Amino acid sequence: MKNMTFRKSLTAAAVAASLGFPALAVAQDAESSQEQMEDVERVTVTGSRIARMGDIAPTPVTVISGDGLVDAGVNNVADLLHEMPSTLVGLSPETTNNTIFASGLNNTDLRGLGSDRTLVLVNGRRFIAGAPGSGAVDLNNIPTAMVERIEITTGGASAVYGSDAVAGVVNIITKKEFDGVEIDVSAIRPFEDGGDEEFASITFGSSSDKASFVTNLSVTKSGQLSAMDREYLREAPIVLQNPEAAANPGDDTIPQTYFWGLGQQVLASYSDTSDFTTVFGDKYNYTPDGQVKPFGYGEPLPYPLGSGRQDYIGGDGYNFSENTYYRTPLDRINFTTHMSYEFNRDHAMQLEVNYSKTEAYGESSPAFLGFTVRPDNAFLPDDAREIVQQDFEDRESLRAGTYPGYPDPVNVGQYSSGSILASDFGNRKYTQDRTLARASLSFDGSLGGGWLYDAYATVGHVQADTEWYGELFEDRFYQAIDAVEVDGEIQCRDTSNGCLPLNIFGTDQFSDEAYDWVSTDAIRRASIQQTVLGATVTGDLYELPAGPLATAFSVEYREEKASTLPDPAMRAGLLFNNLSSPLDGEYDVSEAAVEFSIPVLSDVAFAKFLTVETAYRYMDYSTSGSDDAWKVGVNWEVNDELRIRASRSKSVRAPNIGELYDPPGQTFVSFFDVCDSDRAAELSTEYRDQIRANCAADGVPEDFSPSDEWYGSTRPGFNEGNPNLSNEQAKDVTAGFVYTPSFLPELSLTVDYWDFEITNAISAVGVGTAVNLCYRSSSIDNPYCDLIERDPETFEISNFYQRPVNAAYSKTSGYDIETAYRLSTDFGSFDFRLIGTYLNERLSNSTGLAEDEIDATGEQARPEWRHRFITSYQINDFSAVLSMTHRASTVLDNEWTPNQHDYNDVPSYTKFDLTTRYDVTPELQVRVGLLNMFDKLPPRRPGMYNQGAYYDLLGRRATVGFNYSF
């Protein structure tokens, strides 16, 4: 199959040329093949559907080879994409442990504009999403052993590929040919506990004159990382109120809170063995065998937290470190096969099949519940009963009169208040089982006269099931712990539904039957379906003086469906902290597109070649109506050394199924209540009076302040969709050059400017924003106040709704710099490659109000400079690669003022990886490496030390592997 071999070499040359990297050897191979062949095939480069002869594309392209993945020592495509300067982490195992339905997903995020604005293709075609309702592709479904290269095109590409390509395209090109069998095994072992990885893969294939196939089966296991596995996570930063600020209320230079130090912070609100508190604040809990004792508070921190809550070091309360997990364990099985058959010289068929199964599980603290303790509870030990009885009598006395210095007796409850961290029931765990099946059948070939065609059909299905273990029926729990003694037997006060009494005073005090009555497992089933039909015809329309007018005509039909079906108990809201409703949504879109490559000048002074590139796409969505996208670009090859390119485009993103149709799903968020009288000084002086007036108009007392428990835990609310959303609009500009000096052809330099502006952007109105806008408005008669609900007795916010709206705006710009240099010596060859991104501007606005514009330029998520520098060395059968990843110093918040806190500065971060390869025999290759070789940890500061999206949480680790082929 010579034609296929030639196509591959020519494509590699085209890609290298588009980058401006030294591609001399590749290009020479292509020229040699061309001399030996009568027919020359055209190829496509990511960013265009026009088949061309290695022409440089007007949109910048960065290429990562399959070998580059191996040299990086990673087993997941996402792991290397997360290191690229032009991308941020969308979702990853390091960021999703507590994101129930997204646990373990791996998405990439070009330019930090959002994973749903990054289009991921496989072999130039759409790939099915990884989570129901989302459009983002789960990169866990792409086996690294099958990757030939990854082409990253930044710049709006909707005119070529349709929706979601606002920030650009990640096109993963897989292997199409393979002869023989290849076995690859590797392992990664951190120098400390947690985060192990194992990988095994077998690839085999064969080819004949007309047919070929390549198949791969890969298995990957990635281990969990908990806070207790690492000292820098376990001994976490603690932030306290600053007593100097309280002593000097008028001094704006003194921070209100400060970084106190490191330790295992303990919340006293809950105890493993159950506790109760009297009306006068005396707190008790139980020994493991059920004996009452004064609550062990541990060592109090010298000052309260910023929220006003008093926490401790040690003691009987909730230890945050013991219940915190930073990396979701992830198991993956990937099967991929690609088959080709040539009917004749002009027509061929290709079939691609993907199957993958991933399993991840999230873990968090045991359930935490509050309840009342009555004196006649049959499980109370005698000494505890005496205390609870006395407390009951004290409360009765208070309710009958007033007590000096005590609150209004109307607010005094009748019984002691109790709480529990239900450790006997185990940590809350939920597994994510995702199964993907996808097939793509295509036919391509020649129509004669230089015209080529490509027609394809793709179908995909994802089954995503989430299962919860050790869940509680809340109503049953409260019913079961309220036990009384009747005729010498302990039973539930309310014996309905077969209630069995549950003893929670101590450790392991209840019967298995009682536990089974209050506990349950639950499951949510979800599915995604995608169908894509498309065809492209490309060829030359006319022969112009400067060359042929090339074009491509494309049509595509796509249908997306997603549904979820939660457990009946979840739909009814019977389980602890898990209320979920079913989703059933779909849409379809019909599209037609045309591209032109118009040669303007050729072989004249200062223009070896000048081409204008244009594209236009019309889209008709069943949900958001019709829209269009366009692109205009210029390619100017000044001479053999210098190429200049520029483009201007309009892109669109249609709302996805989740944004449109998400049913109310429970979520938990911590936020600030602007009606808190104790924190009124923190409000903006511009809106303070208006906020206080609106809080009063809403019935909130002037001296209201939420309780420590309210601030001390996340608050329940709901996320839901908005079926009235419209399309996002984006305009972008790219301009740059590729320079390869003739006096030093081993050197290349690429510089590109990029600018993105998104309007009508879809953004969920978070509860914090909703609360702020509700009370900041001219009155409480506004749509934001409808999103929050207050308890009529405590006035605390007890419920909220977060919905997406077309109100956001986003603008970002910057520069990409890539340079490469090859040095050949008598003692081996060296290759140097630097990829850098400078962020010039990052502005966003989630409400559309001018005063709410946020400048995130240079904040922790978006440093001004990010670099990746790769140095490789090869001599004979040995090679080594040293990689450096760098983030410039940043700040946590550009709006920071000295009176807020004393830890805004974020230091720079640089990490080094070293990997080596040695070919023991032509068939056997051995790999050894050291990742994060200098054990670079995140900054041990608040808001930084545990951020897996920005820093390496695993620390130094060794990697060993081998590859055997025959």
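These legends go with several close-up views of a predicted model.

**View 1. Helices H13 and H15 cross at an angle of about 90 degrees.**
Start with helix H13, which runs over residues 688–697. It packs against H15 with the two axes 7 Å apart. An angle between 65 and 115 degrees counts as roughly perpendicular, so that is the word for H13 and H15. On the H13 side, the contact is made by Gln 690, Ile 691, Asn 694 and Cys 695. H15 brings Asn 772, Cys 774, Tyr 775 and Arg 776 to the contact. Sort the residues of this contact by kind and you get four nonpolar, three polar and one charged.

**View 2. Helix H13 has a buried side and an exposed side.**
Which residues of H13 are buried? They are Ile 691, Asn 694 and Cys 695. These residues cover an arc of only 105 degrees around the axis, so they sit on the same side of H13. Part of what covers them is H15. Look to the other side of H13 and you'll find Asp 689 and Ala 697, both exposed. Just after the helix comes Gly 699, with a positive phi of about 90 degrees.

**View 3. Asn 782 sits in a loop that follows helix H15.**
This loop links H15 (767–776) to strand E40 (788–790). Is Asn 782 buried or exposed? Its relative accessible area is 10%, and buried means under 20%, so Asn 782 counts as buried. Its side chain reaches two backbone nitrogens: that of Tyr 784 at 3.0 Å, and that of Cys 785, also at 3.0 Å. Leave aside the neighbours within four places in sequence, and Asn 782 is in contact with Leu 773, Cys 774 and Ser 777. Cys 774 may ring a bell, as it is one of the H15 residues in the contact with H13.

**View 4. Asn 97 is a buried loop residue.**
Here the loop runs between strand E2 (87–91) and strand E3 (107–110). Asn 97 has a relative accessible area of 3%, which is why it counts as buried. What does its side chain meet at 2.8 Å? A polar atom of that side chain lies 2.8 Å from the backbone oxygen of Glu 363. Not counting residues up to four places away in sequence, Asn 97 also touches Ser 103, Tyr 325, Thr 328, Tyr 361, Gly 362 and Tyr 430, along with Glu 363 itself.

**View 5. Two asparagines, Asn 123 and Asn 876, take a positive phi.**
Most residues other than glycine have a negative phi. Asn 123 has a positive one, near 55 degrees, and phi of Asn 876 is near 55 degrees too. Each sits in a loop between two strands: Asn 123 between E4 (118–122) and E5 (125–126), and Asn 876 between E45 (865–875) and E46 (878–887). Their surroundings are another story. Asn 123 is buried, with a relative accessible area of 17%, whereas Asn 876 is exposed at 70%.

**View 6. Phe 477 is buried in helix H9.**
Helix H9 covers residues 474–481. How much relative accessible area does Phe 477 have? The value is 0%, so this residue counts as buried. Setting aside residues up to four places away in sequence, Phe 477 touches Leu 369, Ile 420, Phe 425, Leu 502, Ile 504 and Val 518. Now find Tyr 515, which is 38 residues away along the chain. Its C-alpha atom and that of Phe 477 are separated by 9.1 Å.

**View 7. Val 926 is a partly exposed residue of strand E50.**
The strand takes in residues 924–931. With 32% relative accessibility, Val 926 falls between buried and exposed, so it counts as partly exposed. Its contacts, leaving aside neighbours within four places in sequence, are Thr 916, Arg 917, Tyr 918, Val 920, Gly 961 and Phe 962. To place Val 926 against another part of the chain, take Leu 642, which is 284 residues apart from it in sequence. The C-alpha atoms of this pair are separated by 41 Å.

Notes
Residues numbered from 1 in each chain as written. Predicted model: local features only at pLDDT ≥ 70, side-chain atom pairs only at ≥ 80, totals over all residues. Heavy atoms only, no water. Helix = DSSP H or I, 4+ residues; strand = E, 2+ residues; numbered from the N terminus. Buried < 20%, exposed > 50% of the residue type's maximum accessible area, 1.4 Å probe, protein only. Polar contact = N/O pair within 3.5 Å; in protein donor to acceptor, adjacent residues only side chain to side chain. Contact = heavy atoms within 4.5 Å. Axes fitted to C-alpha atoms, helices over the stretch in contact; angles between N-to-C directions. Parallel < 35°, antiparallel > 145°, perpendicular 65-115°, else oblique. Nonpolar A, V, L, I, M, F, W, Y, C, P; charged D, E, K, R; others polar. Arc of directions from axis to C-beta.
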